[in-house]
Amino acid sequence: MAEQKKPSQDIPEIPLQELEELVRMVGLVLSNTFLYGPRHGVTRKALDDSYNYLMTVLPRCGEVTFTRSEEGLLANQNVVEQKNPLLRMFANKMAELEISSFSLENGLTRETYESLMIVLNEKPEAVKAAGGFARVLADEKLEHVRSKLVTYKAVTEDELIVSKKAIDDAMPGSAATLEEMVSFLSEEPGQEKDSAKKEEIAKK
C-alpha cells in the first residue's frame, strides 16, 4: 500500500484505502462500458455503486482531485497503487485523453456523473478534436466537475514565462489587456479582424 501524504489544509483527509477503492470502482465503470456498452446491466450497476460510494466521500472532503504526475496517479495528493488492473485502467484513460488533473466536487449529481463517464470513454481523437477534456467539460456544462485547460508552447532560451497573477500583482488590471493583445497578434494571416476591436486594443 502506498504511503499516504499529509493532506493540504484545503482538503480534509480521506483514508487512502477509500480513495483507492473509489478509483477502482470508477475503473470498473470504464471497463464495463468498454466491454458491454453504457446501457448494459453490469455497467449500470457499476455506475450506481461507484456514484453511491463517491457520495460517502465528497460530503467529508468537499472535492476529490485526480492528478497525473511523475509519481503516478494521485488522488487528493496521495499516490494510488496501480497493481489492480482497474486502477491502471483509470490512470491509462487519463493519459490517453491527456488529462493532467480533474476534480469532482460535492454537489455532483448522478446525471452529471454518468455524463462524465461517457466523456471519459470517448475516443482520444474525438476528445482532442473537440478541444481537449477541459473544453469538452465546459461545452457539456458538467457542473461540479473541474479541469484546468492547459496549453503547451515551445519557449526559446531568451523568452520568459510570467503568470497572469504576477502581472496583475505588479500592474493591477493589466493581465486581461495583455491577454487580448496576445490573442489579437496570434491570429492567423488572412483571418478577418474586427476593426473596432483592433482600434480598442491599439489604444490600450
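This passage describes a five-stranded sheet and a pair of helices in a predicted model.

The sheet is open, and its five strands follow the order E3-E2-E1-E4-E5 with antiparallel pairing. Its edges are formed by strand E3, spanning 78–79, and strand E5, spanning 145–146, each of which pairs on one side only. At the E3 edge, the neighbouring strand is E2, which comprises residues 72–75 and is joined to E3 in the antiparallel sense over two bridges; within this pairing, Leu 74 is placed opposite Val 79 of E3.

Strand E1, made up of residues 63–69, runs antiparallel to E4 and is connected to E4 by five bridges, with Glu 63 standing opposite Glu 105 of E4. Strand E4 itself covers residues 101–105 and is mostly covered, four of its five residues being buried. On the way to the other edge of the sheet, E4 and E5 are likewise antiparallel and are joined by two bridges, and here Ser 103 faces Arg 146 of E5.

The helical pair consists of H1, residues 16–36, and H2, residues 41–61, whose axes come within 9 Å and cross at roughly 155°. Because an angle over 145 degrees counts as roughly antiparallel, H1 is assigned as roughly antiparallel to H2. The crossing of the two helices, H1 and H2, is left-handed. By class, the contact of H1 with H2 has 12 nonpolar, four polar and four charged residues. On the H1 side the participants include Leu 22, Met 25, Val 26, Leu 28 and Val 29, together with Glu 18 and Glu 21, and those on the H2 side include Val 42, Ala 46, Leu 47, Leu 54 and Val 57, together with Asp 49 and Arg 60. Asn 32 and Thr 33 of H1, and Thr 43 and Ser 50 of H2, are also among the residues that meet.

Met 25 offers a residue-level view of this contact, since the side of H1 that meets H2 includes Met 25. Its relative accessible area is 12%, and Met 25 is therefore classed as buried, the cut-off being under 20%. When neighbours within four places in sequence are left aside, Met 25 is in contact with Asp 49, Ser 50 and Tyr 53, and these three residues are listed on the H2 side of the contact between the helices. The C-alpha atom of Met 25 is separated by 10.0 Å from that of Asp 48, a residue 23 residues apart from Met 25 along the chain.

Key. Residues are numbered from 1 along each chain as its sequence is written. This is a predicted model: local features need pLDDT of at least 70, side-chain atom pairs count only at pLDDT 80 or more; totals for chains, interfaces and linings use all residues. Side-chain values use heavy atoms; hydrogens and water are left out. Two strands pair if DSSP finds at least two bridges between them. Buried means under 20% relative accessible area, exposed over 50%, partly exposed in between (1.4 Å probe, protein chains only). Contact means heavy atoms within 4.5 Å. Axes are lines fitted to C-alpha atoms, for helices over the stretch in contact, and angles run from 0 to 180 degrees between N-to-C directions. Angles under 35 degrees count as roughly parallel, over 145 as roughly antiparallel, 65 to 115 as roughly perpendicular and the rest as oblique. A crossing is left-handed if the near helix is turned anticlockwise from the far one by less than a right angle, and right-handed if clockwise. Ala, Val, Leu, Ile, Met, Phe, Trp, Tyr, Cys and Pro count as nonpolar, Asp, Glu, Lys and Arg as charged, and the others, Gly among them, as polar.
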